Amino acid sequence: AYNARAVEIAREEGAWINDLYAAIHDAGLEKCILRDGVHLSDYGATIIGERVASKIKEALKDTHAILQQ
């Protein structure tokens, strides 16, 4: 519920959203989080890294398009 509300507020404010929790949840928490329940596994770090890189590329494309206008 907290995560959903945070996303809702961010959208209302026009902020870009990169829901990393959703990314690891969709990929499988048991594969992404180590047994300590806190740290990412190598697989989890890869999932997060790919999501972050994807959003950065998306933001750069958007910025480039705006600058070309």
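**Exercise 1.** Among contacts in the protein between residues at least 6 apart in sequence, what percentage join residues at least 24 apart?

*Solution.* Start with the ground rules. This is a predicted model: local features need pLDDT of at least 70, side-chain atom pairs count only at pLDDT 80 or more, and totals for chains, interfaces and linings use all residues. Residues are numbered from 1 along each chain as its sequence is written, and side-chain values use heavy atoms, with hydrogens and water left out. Next, fix the term: a contact means heavy atoms within 4.5 Å. The share is 32%.

**Exercise 2.** Describe the secondary structure and the overall spread of the chain.

*Solution.* Step one: take the elements. Helices (H or I, at least four residues) and strands (E, at least two) are DSSP runs, numbered from the N terminus. The protein has four helices and zero strands. Read from the N terminus, the order is α-α-α-α. Step two: compare the radius of gyration with the globule rule. The radius is taken over C-alpha atoms, and the rule is 2.2 Å times the number of residues to the power 0.38. The rule gives 11 Å for 69 residues; the protein has 15 Å, well over that, so it is more spread out than a compact globule. Step three: look at the axes. The C-alpha trace spans about 50 × 25 × 15 Å along its principal axes.

**Exercise 3.** Find the largest nonpolar core and say which helices supply it.

*Solution.* Begin with burial. Buried means under 20% relative accessible area, exposed over 50%, and partly exposed in between (1.4 Å probe, protein chains only). Of the 69 residues, 19% count as buried. Now define the core: a set of buried Ala, Val, Leu, Ile, Met, Phe, Trp, Tyr and Cys residues joined through side-chain atoms within 4.5 Å. The largest one has six residues: Ala23, Ile24, Ala27, Cys32, Ile47 and Ile48. Helix H2 (20-27) and helix H4 (42-67) each supply at least two of them. H2 gives the most, with three residues. Finally, check Cys32. Leaving out residues up to four places away in sequence, Cys32 touches Ile24, Ala27, His39, Leu40, Ser41, Tyr43, Gly44 and Ile47.

**Exercise 4.** Is tyrosine 21 buried, partly exposed or exposed?

*Solution.* Locate the residue: tyrosine 21 lies in helix H2. Its relative accessibility is 44%, so tyrosine 21 counts as partly exposed. List its partners: Asn3 and Leu29, not counting residues up to four places away in sequence. Last, take a distance. Tyrosine 21 and isoleucine 9 are twelve residues apart in sequence and 16 Å apart in space, C-alpha to C-alpha.
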